[in-house]
Amino acid sequence: MQVKSSPTVHDVIVIGSGAAGGMAAWNLTRQGVNVLMLDAGTRFPRTSFWSHVKPWDWRDRVDRGQSPPSFYLDTKEQPYETPEEHPFYLIRVWGRGGKTNVWGRVSLRYSDVDFAGPEKDGWEIPWPIRYRDVAPYYDKVDQLIGVCGGDDDQDSLPGSRYHLPAPAPRCGERLLQKAAKGAGVSIVSGRRAVLTRQHRGRAACHYCGACGRGCDVSAFFNASDYLVDPAFETKKLRIVDNAVAARILVDDRGLANGVQYFDRVTREEKKVYGKRIVVAASCVDSTRLLLNSRSDRYPNGIGNSNDVIGRYLCEQIRFHLTAFVPELLGGPVHNDDGIGGEHIYMPRFNHRDGRQRDYLRGFGMQFWGCGAQDSASWGKKLPGFGASLKADIKRHYPALVQLHPYGETLPRRENRITVEKTPLDRYGVPIARIEYAIGDNEHQMAREMYETCETILKAAKAEVMPYARGHLDTNGGAIHEHGTCRMGADPKRSALNAFQQMHEVKNVFVVDGSAFTTASEKNPTLTILALAWRATDYMAEEMRAGRV
Amino acid sequence: MNRSLLPDRRDALVQITAAAAALPALAHAQQEHQHHDAPPASKPTTRKIRVATAEQFALLSRVADLIIPRTDTPGAVDAAVPYLIDREMARRGDGFRQELTSGLQELDREARRREGRVFLDLSEERQMALLTAASEQRDTPLRHLFDTMKNLVIELYYSTPQGLKQELGWNANTFLPEFPGCTHGEHQS
């Protein structure tokens, strides 16, 4: 096998082009740093998105042999392993912008309820930062990418002075909000990285509701258009597409000095060299990369002498309830697409009421899919058939509301990603094995999550579709993996310092969700962006001072 | 003239460019809006049966018709749902196809057992009675057939223009300059 290597030694190599990698490249190049970015795929061309293709036309196109962009990585190409009794649903996107091409756009600030939580409840370690450290970066991110939301501010969900106008809630959302208020539960405007007015030269959303297929006018934050392209314009960024990173290389001093990767098309092995490495390949792939980066110096993987990397994997627990609000039954049908997904959000509240609980941490609630949707699958559960069923489905259709609570899971040492005994992928690199299970804490939290949903729906006098109380989505379904290369003040119990720099290898920074110390109940991407910006500001300063 | 009320030229260009990019969608949306209240334009069908036999297709068509019949709006047969079920049989592979066809055979067996004739030879009233009985059974092949057909018909019918647009009134996935949301005072907190 011929090994090709580049003689160039780059200032910084960034592995990954999603929220974290995109932000790292954008922030470093604008400060004059030369960056080489390795992206496991290629750009997803916006003109090929099927944003306005109707369900029947979609079917016809497929029958003619066409297909929309394949955002999601096929596990036949890159498998992963789980124990049979503990399935984990892993979703990955290998391509420019990563999961931000199709993400949910939910953009919620973490708070000291998250950062300092472990100090209060004693479970595992707290973050080595507090809200005051990240707040200026949240402000900057809000202004850079455009986040719409209200003017609310509370301890579990800090406010922002920079929100774009919040979209008006739909009728069903208003009715849930009203009912919840009557029951003492606060539901506020949702916070979404969607442009509800023109922002920094980008067009506003046109409310077609097809965001999950990719936005053909780039009206929601995606790392490709919002970060990588501007970084490229600085002429300080070089991108290698179809580069599947395998291992970080180290020199005799124990510092990282390059990356081994494989060409996704030819499967040829290549190496690139750099003075600093930023790891941003998304939690599971970054962790696999770090664990596979073994050497005599780091037999357990680079920066992993304390056996922390790979452990403490957190996802979030979640379930879904479907119901119908009486005021809207049999009523007119509106265009309820809005900005795609919820316009409202229920922040965590369980830490405030003074009640003693039999679980730690908390949950929030989302409300995707309220109003008229482009399907009526719930109709399968309505009784009967024939003209009466048809009429019943029509009557229920405008009145649909859906509740999706998300709960924080505890970091557990035994929830981990390993590569030791796993099969090799098509490039000869060990795949990831994910061993993950929730515990009593999460099941007990789920009881209160169900109770809260039931309280809101009862207050709304809603007709609730049958559900199995206690049921939770398959782990991994929330697509919020965190924690396997966590930040912490103590180098014995963490892999990264407060600036996401490896304790053990000073020229490696890890800036995606693997760096998180806790999972929170909130979606991570806004925090990934803020922390990556902060980490690369620090990195650039250290570079100027000659310390990194 | 108050200059601050005029859109910035760059803003105007941005919006025009985005509108142009979405123009095919807007034109499409406008066409859809024009067609929204009218029955879908009939066109000569070029649909072919892919994998079902003629007998199987006739039987599943009748069951689909009973599950979502034509009323004052098109039903499942009008919306070509039997062809879409046949398409699912082709796409999901032999296991699913056998499961469905053996369920249809079970339906005929039950019809012969109860009424002495195959399902298609029964009156509509007797067909409805047989399907009702199937829907009330527990853990039987006939109940499984009923559930499978009901799920398929609902999933597929409401993914057609007849089901989603004409019957339910869906008018979305289009281009809106603004989103008004709820405008009903009685819904507010």
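1. A quick word on terms before the comments: "contact" here means heavy atoms within 4.5 Å. Keep in mind, too, that this is a predicted model.

2. I'd start with helix H5 of chain B, residues 94-115. It has 22 residues and runs 31 Å from its first C-alpha to its last, close to the 32 Å expected at 1.5 Å a residue.

3. Which residues of H5(B) are buried? The list mixes residue kinds: B:Phe96, B:Leu100, B:Leu104, B:Leu107 and B:Ala111 are on it, and so are B:Thr101, B:Gly103, B:Glu106, B:Asp108 and B:Glu110. Have a look at those acidic side chains when you turn the model around.

4. What covers these buried residues? Among the elements doing so are four helices of chain B: H3 (54-67), H4 (81-92), H6 (124-136) and H7 (141-157). Just past the end of H5(B), B:Gly116 takes a positive phi of about 80 degrees.

5. Now the interface. Chain A puts 58 residues into the contact and chain B puts in 60. About 4,700 Å² is buried between the two chains, with carbon and sulfur atoms giving 59% of that area.

6. On the polar side, there are 22 residue pairs in polar contact between chain A and chain B, counting pairs with both residues at pLDDT 80 or more. The side of chain A that touches chain B breaks down into 25 nonpolar, 16 polar and 17 charged residues. Helices H2 (55-63), H6 (171-182) and H9 (387-396) of chain A each supply at least two residues of that side.

7. How many salt bridges link chain A and chain B? The count is three. One to pull up on screen joins the side chains of B:Arg50 and A:Asp63, at 2.9 Å from N to O.

Key. Residues numbered from 1 in each chain as written. Chains lettered and ligands numbered in written order. Predicted model: local features only at pLDDT ≥ 70, side-chain atom pairs only at ≥ 80, totals over all residues. Heavy atoms only, no water. Buried area = accessible area lost by both parts, 1.4 Å probe. Salt bridge = Lys/Arg side-chain N within 4 Å of Asp/Glu carboxyl O. Polar contact = N/O pair within 3.5 Å; in protein donor to acceptor, adjacent residues only side chain to side chain. Nonpolar A, V, L, I, M, F, W, Y, C, P; charged D, E, K, R; others polar. Expected span 1.5 Å × (residues − 1). Buried < 20%, exposed > 50% of the residue type's maximum accessible area, 1.4 Å probe, protein only.
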